[in-house]
Amino acid sequence: MFQELRWKLTRLFVVTSTAVFLAMGVLGGCLVYMGLTRSLDQELGQMAAELCPLIDLSGPSPSLGRWRREQRPASLKLLAYIQIFDSSARLVEEHGTNLPVPSLGFKQAGIEEVGVGRQRIRIYCQPIRVQGRLCGWLQISRVTSFRDGILKQYSFTLLLLTVALLLSLTATGYLVAGTAISPVRSSFDVLRRFVADAGHELKTPLTLLQGNVEALELGLAGSTPESLRARLKGIEEACAQMNGLVSDLLLLARLEAPNRAFSRQKVDLASLVGGVADGLMPLYKQKGVSLVCQLAPEHAWCHAPSLEKAVANLLRNALAYTPAGGQVSVGLRVLADAVVIEVTDTGAGIPADQIPRIFDRFHRGGRSADAHDGGSGLGLSIVKAVMEEHRGSLSVRSRVGEGSTFTLRFPSR
Ligand SMILES: Nc1ncnc2c1ncn2[C@@H]1O[C@H](COP(=O)(O)OP(=O)(O)OP(=O)(O)O)[C@@H](O)[C@H]1O
Ligand SMILES: [Mg+2]
């Protein structure tokens with residue numbers, strides 16, 4: 001699919017660039033043609049202007065006998081075919097027969113171009129008048145071989161350049177298209193992995209749900225109230241798991257949406273963090289992990305619900321990965337222009353090679369994707385997205401066997 005897209009982009013690039021190049025080339029050719037034709041016409045006009053005063057008008061019809069006797073003007077050394085017609089347009093004289101030009105007959109006053117065999121001839125025709133009376137016509141013709149030769153050479157060069165351009169554009173276009181689609185390709189890979197991971201995460205609670213429902217259907221008649229309650233509890237847990245996963249996914253999608261709008265207010269951070277800690281205290285007590293809060297009174301502009309979610313995720317992780325008897329502390333410090341929230345635990349710690357990956361979606365440390373001990377691996381990606389939303393950062397320091405410290409840092413205004 002991406003290879004096809006790459007070739008499509010390459011084709012588009014090559015076709016448009018070549019079309020532009022050809023259009024410019026043709027335009028250049030037209031300008032060269034017009035320029036050369038104009039200078040040819042000027043030369044013909046100049047020849048006529050030099051010849052006219054030399055025409056002998058004393059005889060019955062105009063003649064260039066005098067010109068032939070006298071020295072010919074320099075411009076007339078240029079190869080040209082000169083004809084003199086009398087007033088009734090009858091050819092009376094011709095010169096320059098060394099030109100391969102057949103007798104052209106009489107043309108009207110002005111400039112005209114005709115084709116003779118494979119040659120093109122430009123004809124300049126001018127009336128000869130004496131005191132306003134028409135005595136005859138002077139007609140000078142020249143082959144356009146110089147102009148046509150240059151145009152032929154121009155076209156050939158243009159063709160060669162077009163072929164060279166086609167080849168180089170194809171190579172460049174292919175490389176450029178490859179570079180251009182590589183971010184799309186990696187985003188697509190991320191998306192594909194994400195869909196596969198999300199599907200996998202949903203599959204387990206769905207299987208649980210289906211198993212419990214089927215068991216209820218089959219054994220409803222002989223079931224004891226306890227077994228019924230256990231089945232219903234299983235269904236409830238599977239629903240809660242799916243609900244949590246879907247809520248996390250929706251929150252991530254909202255946090256990463258390009259036109260997200262998280263309204264910020266001035267928030268009392270100590271009571272926000274303290275409130276989250278209080279809410280989780282029963283779970284800490286239940287597991288036998290102590291939770292200590294050291295919160296400086298501070299306000300900051302932030303989106304309270306998403307910040308609450310971030311702090312809760314860190315406190316839940318600290319609880320999950322700290323054994324009974326351990327300790328978790330949450331601190332709130334104020335720096336010159338930033339707020340720092342730190343969650344430190346005395347838990348299992350994280351191996352150094354795992355640290356760069358723990359913020360990836362669905363990453364769950366050393367546990368396999370099937371080991372369902374609660375987490376789906378979205379918690380830290382949500383914390384990271386919340387910090388990005390607050391133009392802040394999330395960092396971690398950890399030592400295996402000693403514990404971990406997660407730090408949230410964001411501007412206070
Ligand atoms: N305080 C911690 N101590 C040790 N390991 C941790 C800690 N916090 C996170 N981790 C490691 O980082 C991984 C990713 O954490 P994250 O919060 O993203 O996912 P989770 O806790 O597994 O699942 P979820 O938060 O979605 O319920 C965890 O699976 C765990 O291996
Ligand atoms: Mg977690």
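Two strands are taken to pair if DSSP finds at least two bridges between them. In this predicted model, pairing of this kind joins five strands into an open sheet with the order S7-S9-S10-S12-S11, and the pairing within the sheet is mixed. The edges are occupied by strand S7 (290–295) and strand S11 (393–399); each has a single partner strand, so one side of each is left without a neighbour in the sheet. On average, and with direction ignored, neighbouring strands of the sheet are turned by 10° against each other.

Within this arrangement, strand S10 (residues 338–345) pairs with strand S12 (residues 403–411) in the antiparallel sense, over eight bridges. Glutamate 342 is placed opposite threonine 407 of S12.

Helices lie across the strands of the sheet at two places. Helix H5 (residues 269–287) lies across S7, strand S9 (327–334) and S10, and runs at about 175° to S7. Helix H7 lies across S11 and S12, with a direction at about 140° to S11.

Helix H7 (residues 379–389) also packs with helix H4 (residues 225–256), at an angle of about 25° and with the axes 10 Å apart. Because angles under 35 degrees count as roughly parallel, H4 is described as roughly parallel to H7. The crossing of the two helices is left-handed. On the H4 side, the contact is made by Asp248, Leu251, Leu252, Leu255 and Glu256, and on the H7 side by Ser381, Ile382, Ala385, Val386 and Glu389. Classified by residue type, the contact of H4 with H7 comprises six nonpolar, one polar and three charged residues.

Notes:
Residues numbered from 1 in each chain as written. Chains lettered and ligands numbered in written order. Predicted model: local features only at pLDDT ≥ 70, side-chain atom pairs only at ≥ 80, totals over all residues. Axes fitted to C-alpha atoms, helices over the stretch in contact; angles between N-to-C directions. Helix = DSSP H or I, 4+ residues; strand = E, 2+ residues; numbered from the N terminus. Parallel < 35°, antiparallel > 145°, perpendicular 65-115°, else oblique. Left-handed = near helix turned anticlockwise from the far one by under 90°. Contact = placed C-beta atoms within 7 Å. Nonpolar A, V, L, I, M, F, W, Y, C, P; charged D, E, K, R; others polar.
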